[in-house]
Every structure is written in C-alpha cells, then in structure tokens.
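Welcome, and thanks for taking a look at this one with us. Below is a short tour, grouped by topic, to read alongside the structure.

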Amino acid sequence: MDAGSSVAVTEAFVRLYKAGLLYRSRQLVNWSCALRSAISDIEVESRPLSGRTELRLPGCPTPISFGLLVSVAFPVDGEPDAEVVVGTTRPETLPGDVAVAVHPDDTRYTHLHGRQLHHPLTGQLLPLITDCAVQPHLGTGAVKVTPAHSPADAELGARHGLSPLSVIAEDGTMTSLCGDWLQGLHRFVAREKIVSALRERGLFRGLQNHPMVLPICSRSGDVVEYLLKSQWFVRCQEMGEQAAKAVVSGALELSPSFHQKNWQHWFSHIGDWCVSRQLWWGHRIPAYLVVEERAKGNTEDCWVVGRTEAEAREVAAELTGRPGAELTLERDPDVLDTWFSSALFPFSALGWPQETPDLARFYPLSLLETGSDLLLFWVGRMVMLGTQLTGQLPFSKVLLHSMVRDRQGRKMSKSLGNVLDPRDIINGVELQVLQEKLRDGNLDPAELAIAAAAQKKDFPHGIPECGTDALRFALCSHGALGGDLHLSVSEVLSFRHFCNKIWNALRFILNAFGEKFIPQPLEELCPTSPMDAWILSCLARTAQECERGFLTRELALVTHALHHFWLHNLCDVYLEAVKPVLSHSPRPPGPPQVLFSCADVGLRLLAPLMPFLAEELWQRLPLRPGNTTAPSICVAPYPSAHSLEHWHQPELERRFSRVQEAVQALRALRATYQLTKARPRVLLQTSEPGEQGLFEAFLGPLSTLGHCGAVDFLPPGAAAPSSWAQASLSDTAQVYMELQGLVDPQTHLPRLAARRQKLQKQLDGLLARTPSEGEAESQSQQRLSSLQLELSKLDKAASHLRQLMDASPSPGEL
C-alpha cells in the first residue's frame, strides 16, 4: 500500500482499460455473504459431501443440512394430472426459477416440448425448454433453471433469452421478488420454509441423500453464493493464450517442468476476471460514475477511468459533451482484488519500466507460497498483466514448490485438525486457542470431535514460538523439485534452535574482536594456521554449494550447505578449537580476522533464507575501513564462489577429516570409560608414511576437540602401551588413551556390566521380533549392527579395566 505500489496499480488499471481489456458489466460473481464481497475462484474451496452433512455457518444459530436432494413437482399447464419432477439441492433458489430444461432427445419429455409449467410456489407459467447441456441420466433428467444464481444456468439462460431473477441479496437474505412471506429471511431459514410450503401444496416429492460438492469461502467459512453484480472485469482469453504460448515456446520456463500441465490446463479454461472487491482494505478502483449522466448515444450509466479525478473529469466531459466543471463524479467505493495488485510484483519490487523496458533485470524470480496451485494462479496473473503492460514477459523463469502437507503426508484440512497456520508457527499458540479456531469454523459436530482429538494429539502443549526465519528455512530445506513437502512443527523448532546457535556464535565472535579491531578486506586475508586455512576453505566451499543450489533452483542444497557450515564447521569445530588460542595474551591477530570473514560472508550467504536474523547480526559487525559497507545486508553483494576460490583447499579438508575421525574416536573412548573431567594423555600410531605429518599439523586442535591432554606419537611397530584404551582409526592408524589413575575399575566395571545387560536385552528383543509391515530391512539391520558394535566396545572396555585391576598393587604390597 505504499506510494510506489499504489501508483503502479493505478497505472496498470488505466492502461488495461484504455487497451479495451478492462470493462464494467453485470455478471455472476462468487459472493461471500459473510464478507459482503466478491471473492476470487482460488478463494472458493470445493468441499465434497457424500450425503447429509450438518454444517455450522456464519450468521446461522443452528447447523444447516447439506447433501440432500429435494424433489419438486412442476404441474403441466392444461393437464391436471401431468407434472415434471425436478431435483434440487438448493430449494431456497426456487423463487428465482425462470424455466425447466430437459435434453431434446429424452423421450420421457418429448410430448411436452413447447409446453408451459406452473411454478410450484407462485403458480406463474414457466417454459419447458430443451438444451443439450442437460444430462438425462442424472436424477429425473429435468432441471430447474435459475440464471441469477448458477453459472451453468446463466449460460443456459443466455442461450434461450431468459431474464434472470435475483432472489438472494448481498447479505444472504431473500429479496422482495420472493414475496412478503420470504423477504428478509436468511436464505437457509427460507429453505426450510419453502420445503414446508411445498409439502402443504402437495408438490413435495421426496428427500434423499445426495453426493454433492459445496462451494465454501476459504476466508469466512460461509457457503458461496453466485450473484449478479455490476463489477469490473479483465478480459483474459487473449492474454491467457499468450501466457500459454510462452511456456510452449520456451520463452517462459517453469521449474519443476511437471507444472506445465497444470499451467496449460488453467489457461485453457480461463474466463474473464472479476477484479472488484467490496472490502475496506486494498487499492481503490480508479473509476468514477458520472452522476445522472449518460454517454453520447448510450443508455447505460456513464463510467470513466483516470489516474486522477481531474483526468477522469476530462474524459467525462468528452463523453457527455458537457463542461467538466459542471459534472458530478463519484468514485467507485470498491477496491481491487489483491491478486490484481500483487500480480504487479515485478514492478512493485523493481520499479515501473520505461516504455521500452529491459526486463532482463527481472530474471530470475523465486517465490514461496503454500501450494503450487495457488502459486500458479498468482504467477499466471503476473505473466498476463506484465506481458500486456510492457510488451514483454516480466520474467523468464519461475520457481514453484510443492504442496505443503503435514508431517504424516496428509493434505492440510480443517476436518482433520492438521492445518498449520504460518502465523501460529511464527508466534506460537496455546492448544486452547487452536481448539477455539476449530470451533469457530464450519465443521459438523462429528468432524469437530475428530479434528479436536487429532489436534490435541499432535500439539498437546500448543505450538511453540519458532519465528519467521526458522519457518522459511524449514520450507526451503525440503527443496522444490521433489514430491509434496511434509512439514512438522518439531522440524521448524529445530531450526529455531539453529537460529539460537548462530546468535550465540556471533556473541562469541564479537567478543573475540576486542576494542581496537579493524577488519581486513577479504582479498587481503591470508590464513596463518592450518585451522584458519581449513575454516576459510569450508567457507569458500559453502559459497560454491549455495551458488550451485540457487542456479539449479535446488534450495535444499543451499540450506544443507549453510546448516552444515554454521553448525558443524564453525560452531562445533572452529570456535571450539580457537578458544584456547584466543585466551592468550596478547591475542593473535589471525583468528579474529578469520572470524570476521566467516561472520560477514556467512551471514550474507544466509540472508535470503533467514533475512531477519542475518540483518540483525550483520549490522552489529564492525565497519570496514573507509565505511564502504552497504547500509543493509539485503542490498550487500551476495558472495560469489569465484571471489573466494583462492581460499578453497579440498586436500586440506580431506586431511582434516582424518583428524575429525580421531576426535570422534577419542570422544567415544571418553564416553565409554565415563571420563567427564579428566584430560588423559593420548598417543597416535600410524604405519602409513606421511600420515604422521597430517596429524602433526593439528595436534593442538586434536587435543582441544577431543577433550584430552597432551597428544604425542607412538613410533610405528612399537608395542601398544599396557592398560591404555585403544581405538582403530583405519587399517594403518590407532589411537591410545591413558587410563591409569583416571579410572577406578572396581567402580566402573559394575556400571559397564549394567549397560551391557541393558543393550543385550535390546539386541535379544530385536532378534526375536518380526519386522513390522513396511519397515525397511536396512533399518532393522542398521539397528542390529549398531547394538552389536556397542556391545563389542563395552566388552573391550571391561577387558581393559580388568587389566588395570591386575596391574594395580594390592593393599599388602603398599
């Protein structure tokens, strides 16, 4: 709603109107009586009903029954015993019937062609007409025609020159055309009264369950009505054909490509687009009614369009032949459909193009919505309007992601109680509030009970606050090119914890800078230690993976790369490794400069996926010399892989991965022997020439990350030290950890025995259990192997402890 966007919207409306693509007409529109507004097709939910279903609707004190077929007799004029029976699921529209239609080849009604029927409520004569659109095999083969309240009937009525009768008002009550006995009643209250009147007149012929599809307003939960309204419409057929051809020709690429089928289907069935809305928010339509005036040679109301009232007055003067100052103009109180405004997204984000624009700057455009159908709808609007307004496609690629489902893979549905409102995930919500939202909906009592129980099971403590960035990152982590997206709150919560990890890492980094820290330019930074070189290589590789992920539109690759760098490379390894170095006085200059580069580049890589967190933390970094830093991270240059390529050392990363294997082995030994505070000595032994040099470069980090004391080497071929714990790193490398004096065997052996007994029980149970249906064999085998390996480690540890007991002096020897 800012000034720039408002100008673009007004400009687009005026241009389309002058091009003959915008017009005002009285047509059927989707109407929400609860909202008192027209709504778009995409806001109409088609709800299938298998039979009788009771729903609670806005404005109705009691549940209303749907999924019922009422059979009504229309007496044949001039034949007292003849009648035509029609079935209807909407008896409240009977006052608006203007004909009964049958198929011309239906032999049951051939003798009645051209006859008149008496309306069952008013007695007025209605024609029995024939039309090939009627399906003889459905119901009685005869249908009532209500052009003012049914899109299909409107088309049929237009073919036969039938005048529509509007019997339902904007507020959902019956109009004066229905007579005093119905006027002003709620349409569903009138339904019951009409059925009672049919019974009294002897024209009611039955009531039965009937499968049907009920149109529901997704925003209000009310049943959608089809009403005749004078509204503004956009002609879409020609523009839709252009958008469809753009994909066929390759000028517009949809990714993933399987969306092309839905794209072509949508545009092949497109109708004119009602853009009028009767809401208090939105861009007001720049159209004016010239009060009590008609255009020259026209009997219709005179409407004019202009960017300003002054421009509209000039147009009105030309149309009416009167001086503009004498005319009274009233601006249309309606606002534009938000899809019309949001379809101008390229112009809103990047500025209104010149008359001969270079639209290459609009490429590529990446979008996120909850569901590809909704996104296709929006993108289709953008393509149509953008192409028409500029003469070129507003962009050449679009990225669409899959349908967001719940963690079990079910489509989100109010009746299942599994709908995840993004705002509830972002801000958090109590279970009580979630349950109240269900009760405020339009579920019948049975569905409400099921949904409430499911909701209580899934969210027993409500939904915790996760934040916008965590939700965005979770959605992107699933990727766009695969199947449907299964989203769970626990997954989003884990990314909130990831956000906290980044926040704490930046606090540590800022503290490491010191008071007089001045950042070096990236191109001047040279690592002074193997650990510094390793983390900068990881950073360069992360930039490469992010670049590749964005170029191939695989966002999951980007999120995985960033998650691994921040959590595992930076926080778990580098920060822990440099803590002892940073505690030295004076503090060495190398690690703070490396930390600054990691924070600066890492946050800029993260910004598209976590914009709020990245902005907040990036603004806290010290300024570079010359104050050349961008004012915001969202306009700062995105790190290119090429600019960081000089840091990338794949061989160094491969070598350090061997060090990390040694760290994991040492940590596993510490856990096995429950060494919580002790810092045991460690010996490394390798028979591979050159491998000792690999470890020598990282002895300090190996000691720090392994929570050990001094790390030294055991010569190749030397005997293993007696009573030291041992673990194999490979066929050529072993690691030994001193236990003497650090472990009390008499205390730890019983603990190991208890742990072994527990694991053995799990193993026996797994071996005796029959795999459940659908369980992968690999999962069962993996669990089996894991238990056997853990038992082997415990047995080995027990053996070492017994050796320590044997080696320890007895009390008599002391």
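A residue counts as buried when its relative accessible area is under 20%, as exposed when that area is over 50%, and as partly exposed in between. Leu 227, with a relative accessible area of 3%, is therefore buried. Please keep in mind that this is a predicted model. The points below start from Leu 227 and go on to a pocket, the cores, a sheet and some backbone details.

**Around Leu 227**

- Leu 227 belongs to strand S14.
- Beyond its neighbours within four places in sequence, Leu 227 is in contact with Gln 27, Leu 28, Val 29 and Trp 31. Further contacts of Leu 227 are Ala 148, His 149, Ile 168, Ala 169 and Glu 170.
- Between Leu 227 and Ser 150 there are 8.2 Å in space, C-alpha to C-alpha, although the two are 77 residues apart in sequence.

**The second largest pocket**

- The volume of the second largest pocket is about 1,200 Å³.
- Its lining has 42 residues, and Gly 87, Thr 89, Val 143, Ser 150 and Asp 153 are the closest to the pocket centre.
- Which element gives the largest share of this lining? Helix H2 does, with six residues.
- At least two lining residues each come from strands S6 (68–75), S7 (83–88), S11 (142–145), S13 (212–217) and S14 (225–234), and likewise from helices H2 (151–159) and H3 (187–200).
- Sorted by class, the lining of this pocket holds 20 nonpolar, 14 polar and eight charged residues.

**Nonpolar cores**

- The largest nonpolar core counts 118 residues, and Ile 502, Ile 535 and Leu 603 have the most contacts inside it.
- Helix H16 (residues 555–582) provides the largest share of this core, with 15 residues.
- What does Ile 502 touch, once its neighbours within four places in sequence are set aside? Ile 502 is in contact with Trp 566, Leu 603, Leu 606, Met 610, Leu 613 and Leu 617.
- A second core, separate from the largest, has 46 residues, among them Trp 263, Phe 340, Leu 375 and Leu 376.

**An open sheet**

- Strand S14, the home of Leu 227, is also part of an open sheet of four strands, in the order S2-S1-S14-S16 with antiparallel pairing.
- Why is one side of S2 (37–38) and of S16 (273–274) left without a neighbour in the sheet? Both strands stand at the edges, and each has a single partner strand.
- S1 (residues 22–32) and S2 run antiparallel and are joined by two bridges. Ser 32 has Ser 37 in S2 as its bridge partner.

**Backbone details**

- Arg 36 lies in the loop between S1 and S2. Its phi is positive, near 55 degrees, in a residue other than glycine. Arg 36 has a relative accessible area of 45%, so this residue is partly exposed.
- Gln 674, found in the loop between helix H19 (650–672) and strand S26 (682–686), is not a glycine either, yet has a positive phi of about 55 degrees. With a relative accessible area of 31%, Gln 674 is partly exposed.
- Ser 255 and Pro 256 are joined by a cis peptide bond, with omega about 0 degrees. Pro 256 sits in the loop between strand S15 (253–255) and helix H5 (259–268).

Technical notes: Residues numbered from 1 in each chain as written. Predicted model: local features only at pLDDT ≥ 70, side-chain atom pairs only at ≥ 80, totals over all residues. Heavy atoms only, no water. 1 Å grid on protein atoms, 1.4 Å probe; cavity = no way out; pocket = protein on both sides within 12 Å on 5 of 7 lines; lining within 4 Å. Points joined across faces, edges and corners; volume = space filled by probe spheres on them. Nonpolar A, V, L, I, M, F, W, Y, C, P; charged D, E, K, R; others polar. Core = buried A, V, L, I, M, F, W, Y, C linked by side-chain atoms within 4.5 Å. Buried < 20%, exposed > 50% of the residue type's maximum accessible area, 1.4 Å probe, protein only. Contact = heavy atoms within 4.5 Å. Pairing = 2+ DSSP bridges.
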